[in-house]
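Here is a short report on a protein model. Look at the structure first, then read on.

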Amino acid sequence: MTTLVYLLRHGATALNRLVPYRLQGRGSDPSLDPEGQDQARRAAGALATLPITAVYTSPLARAFETAAIVALPHRLDPVAVPALIEADIGRWEGLTWTEAQAQDPDQHARFHADPGATAYPDGESFLDVSRRVGPTLADLADAHLGEQIIVVGHNVVNRAYLATLLGLPIDLARSLRQSNGGINLIQYDGPSARVVTLNATLHL
């Protein structure tokens with residue numbers, strides 16, 4: 001039986017829109033800003049007429065708030081799944097890339113040379129994230145055979161998972177764009193899964 005998983009990235013927070021960009025992992029837990037709330041409402045509108053039976057989310061506020069908004073048209077309560085939490089980026093939490101390079105020049109060079117297998121300092125790698133998120137999504141799909149569900153994740157979480165499904169080397173995961181409020185559609189047929197739509201943003 002076919003299961004459809006609509007995988008979203010949460011709406012924006014003020015940290016997402018800072019220039020220069022500051023790294024935001026599981027150690028930061030801001031709420032959605034007004035733009036992020038609007039992105040979540042637009043995503044909710046895009047999915048409102050679908051027969052959604054469950055909404056799952058990372059426990060972080062920015063994801064949970066997005067999930068609550070997209071769940072509203074379906075009269076569902078979002079369920080937090082700890083394994084969907086954003087990557088642990090360790091010592092680089094809240095830093096710009098320039099600050100991270102100044103603080104850990106060797107680790108910064110290794111990370112950019114091999115971003116898939118090289119962990120953030122005192123944190124996770126993209127490969128680590130893929131290994132925890134992939135089985136979690138498969139289990140959720142298996143629990144909803146023949147149904148359609150929504151999952152709200154994060155930038156690194158989604159990219160690591162999608163790279164694996166697309167058959168890309170994990171070091172290319174960072175090349176996959178995941179817009180705030182963007183929607184990916186994953187089709188599960190038994191144990192196999194394929195990406196049907198990647199980062200749809202027309203609703204935004």
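The report goes through the sheet, the helices and the pocket in turn.

## The sheet

This is a predicted model. Start with its strands. Six of them, or 6 strands, make an open sheet. Read across, the order is β3-β2-β4-β1-β5-β6. The pairing is mixed. At the edges stand β3 and β6 (192-200). Each has a single partner strand, so one side of each has no neighbour in the sheet.

## Strand β1 and its partners

Is β1 enclosed or open to the outside? Of its 8 residues, 7 are buried, so β1 is largely enclosed by the rest of the structure.

β1 pairs with β4 and with β5, but in opposite senses. With β4 the sense is parallel, over 6 bridges. Two positions show this pairing: V5 stands opposite I149 in β4, and Y6 stands opposite I150 in β4. With β5 the sense is antiparallel, over 7 bridges. Here L7 has N184 in β5 as its bridge partner.

## Strand β2 and its partners

β2 is mostly covered too, with 5 of its 6 residues buried. Which strands pair with β2? In the sheet order, β2 sits between β3 and β4.

β2 and β4 run parallel and are joined by 5 bridges. One pair is I52 and its bridge partner in β4, Q148. On the other side, β2 pairs with strand β3 (residues 79-80). That pairing is also parallel, over 2 bridges. There T57 stands opposite A80 in β3.

## Helix α5

Helix α5 covers residues 126-143. How far apart are its end C-alpha atoms? They are 26 Å apart. At 1.5 Å a residue, the 18 residues should span 26 Å, so the two values agree.

The buried residues of α5 are F126, V129, S130, R132, V133, G134, T136, L137, L140 and A141. An α-helix has 3.6 residues a turn, so residues three or four places apart point the same way. Keep that in mind while reading along the list. The cover over these buried residues includes strands β1 (2-9), β2 (52-57), β4 (148-153) and β5 (183-189). It also includes helices α4 (105-113) and α6.

## A closer look at S130

S130 lies in helix α5. Why does S130 count as buried? Its relative accessibility is 11%, and buried means under 20%. What does S130 touch, leaving aside its neighbours within four places in sequence? It is in contact with P135, A160, T164 and I170.

## Helix α2

Helix α2 takes in residues 61-71. Its buried residues are A61, R62, A63, T66, A67, V70 and A71. Among the elements that cover them are the strands β1, β2 and β4. Helix α1 (34-47) is another part of that cover.

Some strands appear in both lists. β1, β2 and β4 help to cover buried residues of α5, and they help to cover those of α2.

## The largest pocket

Now turn to the pockets. The largest pocket has a volume of about 380 Å³. Its lining is made of 23 residues. Which of them lie nearest the centre? They are R9, Y21, N155, R159 and Q178.

Which helix gives the most to this lining? Helix α6 (residues 155-165) does, with 3 residues. By class, the lining has 8 nonpolar, 9 polar and 6 charged residues.

Notes:
Residues numbered from 1 in each chain as written. Predicted model: local features only at pLDDT ≥ 70, side-chain atom pairs only at ≥ 80, totals over all residues. Heavy atoms only, no water. 1 Å grid on protein atoms, 1.4 Å probe; cavity = no way out; pocket = protein on both sides within 12 Å on 5 of 7 lines; lining within 4 Å. Points joined across faces, edges and corners; volume = space filled by probe spheres on them. Helix = DSSP H or I, 4+ residues; strand = E, 2+ residues; numbered from the N terminus. Nonpolar A, V, L, I, M, F, W, Y, C, P; charged D, E, K, R; others polar. Expected span 1.5 Å × (residues − 1). Buried < 20%, exposed > 50% of the residue type's maximum accessible area, 1.4 Å probe, protein only. Contact = heavy atoms within 4.5 Å. Pairing = 2+ DSSP bridges.
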